[in-house]
Amino acid sequence: MYLWEGVILNKFDANIRQQFKTANFFVYLLFIYYISMYLVYFITGDIISYHTQCYFSILSFLSRGGIDGISVYTDAPEMYKWFGDQVQVEYLTKDKVRDWRGPQDFIYRVKIKTMEDFCLKHPGQAFIYLDTDTFLYAPSAQLFEGLSAGKGFMHKREGDLAAMKHTAGRVWRQIKGKTFGEFTFNTTADMWNAGLIALPAERQLECVRLGLALSDALCAAGIVTQITEQFSMTRAVDYIYGLSPADTMVGHYWGNKSGWKTLIDDVFLQAYMHKESMDTLIERLRHFDYTQEPVFIAESNTRKRLLALLDKLTLKKDKGVYC
C-alpha cells in the first residue's frame with residue numbers, strides 16, 4: 001500500500017479501513033475524492049511570529065495527512081514561498097482589506113469575508129477555517145467523517161451567552177429581545193470558540209453569508225466587539241448544520257500565546273540549524289509532544305482588563321492580524 005493510501009485510510013477505524021482495502025479500486029478513488037479537504041487561513045502584517053504560528057498550524061495538519069489544498073489569505077505573500085505549490089496564496093491588497101472591513105471598519109469581518117471568497121472560488125468544497133494559533137494534535141477521523149456526513153464544527157462550546165461575564169454578558173444585554181438579520185434573541189444562545197470553523201460541502205456559502213449578515217447587523221447597531229464575528233458564525237453554523245466540537249483533535253492556544261511562541265520558535269530554529277527539509281520537519285511534527293505546553297494559563301483579572309482595553313484601543317488599527 002502506498003503511503004498516501006495509508007494516510008487516507010488512517011482517518012477511519014480498523015473495520016472501515018479493511019473494507020476499503022478490499023473494495024473495488026474505482027469505488028476507493030471515488031471515496032477519496034468525496035472527502036477532499038482544504039485548509040483556509042487569514043493573516044496580515046509582517047510580524048514574523050504571526051507567520052511562524054501559521055507555519056506551525058499548517059505543518060501539524062500536513063504531518064497527519066489527508067489535506068488536498070491550503071489557502072492562505074495574506075498581504076505578505078512572500079512569507080509563504082517556502083511551501084512552494086503546497087500553499088495557494090490569496091493576495092490581500094490594502095483596498096480589498098479596507099473593503100472587506102465594511103462600513104463599520106470591523107477588522108474581524110475580514111475573517112468571514114475570507115471564508116466567503118473561498119466558497120465562491122471553490123464551490124462545493126468542504127473546508128476547515130483555522131486561526132493561526134491552532135494545531136492538529138490527534139487523528140482527525142471524527143472531523144473528516146462528520147464533515148462527510150454534513151455536520152458543522154467549531155472549536156468548542158464556551159458557554160451560555162446570558163451567563164457569561166464581561167464582553168459576552170454585555171452583548172447579551174444588548175441583543176436580548178431584539179431581532180438582528182434572521183435571528184431573534186428571546187432566549188439565551190450558546191457561544192462557541194471560532195478558532196476552528198469547519199463546513200461540509202453543502203450550503204457552506206449560505207452559512208457564511210448568514211453569519212456575515214448577522215455580524216453586519218450587530219455592527220450597525222453599535223455592537224462592535226472582539227466576539228461579534230465569533231457569535232455570528234456560531235449562530236449561522238448551528239442554524240444550518242448544528243454544531244459539533246473539534247477540541248479533541250485541534251488545540252487552540254489563544255490563552256497562552258507567549259508560551260507557544262517560545263516553543264514554536266524553538267521548533268523552527270532547530271529546523272534551520274539542522275538544515276531540515278520540509279519532509280523532515282513534517283515527520284518530526286508527526287511525533288511532536290503537544291502536551292509540553294498548556295494551551296491556556298489563567299491570568300489575573302487586572303491583566304485581563306488591561307488586555308481587553310488594549311483590544312478595544314487597537315480594534316481599528318491597521319496592525320497585523322492573525323485570525
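This section describes selected helices of a predicted model, together with the loops and contacts around them.

Helix H9 spans residues 204-220. Its 17 residues extend over 24 Å from the first C-alpha to the last, close to the 24 Å expected at 1.5 Å a residue. Buried positions in H9 comprise Gln204, Cys207, Val208, Leu210, Gly211, Leu212, Leu214, Ser215, Leu218 and Cys219. An α-helix has 3.6 residues a turn, so residues three or four places apart point the same way. Both ends of H9 are flanked by residues with positive phi. Ahead of the helix, arginine 203 occupies the loop between E11 and H9, and its phi is near 65 degrees, a positive value in a residue other than glycine. Arginine 203 has a relative accessibility of 43% and therefore counts as partly exposed. Just after H9, glycine 222 adopts a positive phi of about 90 degrees.

Helix H9 packs against helix H6, which covers residues 109-121. The axes of H6 and H9 are 9 Å apart and form an angle of about 155 degrees. Because angles over 145 degrees count as roughly antiparallel, the two helices H6 and H9 are described in that way. Their crossing is left-handed. On the H6 side, the contact is formed by Arg109, Ile112, Lys113, Met115, Glu116, Cys119 and Leu120, which meet Gln204, Leu205, Val208, Arg209, Gly211, Leu212, Ser215 and Asp216 of H9. Classified by residue type, this contact of H6 with H9 holds seven nonpolar, three polar and five charged residues. Several of the H9 residues in the contact are also buried, including Val208, Leu212 and Ser215.

Within H6 lies threonine 114, whose relative accessibility is 0%, so that threonine 114 counts as buried. With neighbours within four places in sequence left aside, threonine 114 is in contact with Val40, Tyr41, Phe42, Tyr73, Trp100 and Tyr129.

The loop between helix H5 (94-100) and H6 contains proline 103, which is exposed, with a relative accessible area of 75%. Proline 103 is separated from cysteine 219 by 116 residues in sequence, yet the two C-alpha atoms are 9.0 Å apart in space. Cysteine 219 is itself one of the buried residues of H9. Aspartate 105 also lies in the loop between H5 and H6. The phi of aspartate 105 is near 55 degrees, a positive value in a residue other than glycine. At 30% relative accessibility, aspartate 105 counts as partly exposed.

Helix H7 comprises residues 141-148, of which Ala141, Leu143, Phe144, Gly146 and Leu147 are buried. The cover over these buried residues includes three strands, namely E4 (127-130), E6 (152-154) and E11 (196-199). Following H7, glycine 150 has a positive phi near 90 degrees.

A further helix pair is formed by H11 (residues 257-273) and H12 (residues 278-286), whose axes come within 11 Å and cross at roughly 140 degrees. This angle makes H11 oblique to H12. The crossing of H11 past H12 is right-handed. In this contact, Val267, Phe268, Gln270 and Ala271 of H11 meet Leu281, Arg284 and Leu285 of H12. The contact of H11 with H12 includes five nonpolar residues, one polar residue and one charged residue.

Notes:
Residues numbered from 1 in each chain as written. Predicted model: local features only at pLDDT ≥ 70, side-chain atom pairs only at ≥ 80, totals over all residues. Heavy atoms only, no water. Buried < 20%, exposed > 50% of the residue type's maximum accessible area, 1.4 Å probe, protein only. Helix = DSSP H or I, 4+ residues; strand = E, 2+ residues; numbered from the N terminus. Contact = heavy atoms within 4.5 Å. Expected span 1.5 Å × (residues − 1). Axes fitted to C-alpha atoms, helices over the stretch in contact; angles between N-to-C directions. Parallel < 35°, antiparallel > 145°, perpendicular 65-115°, else oblique. Left-handed = near helix turned anticlockwise from the far one by under 90°. Nonpolar A, V, L, I, M, F, W, Y, C, P; charged D, E, K, R; others polar.
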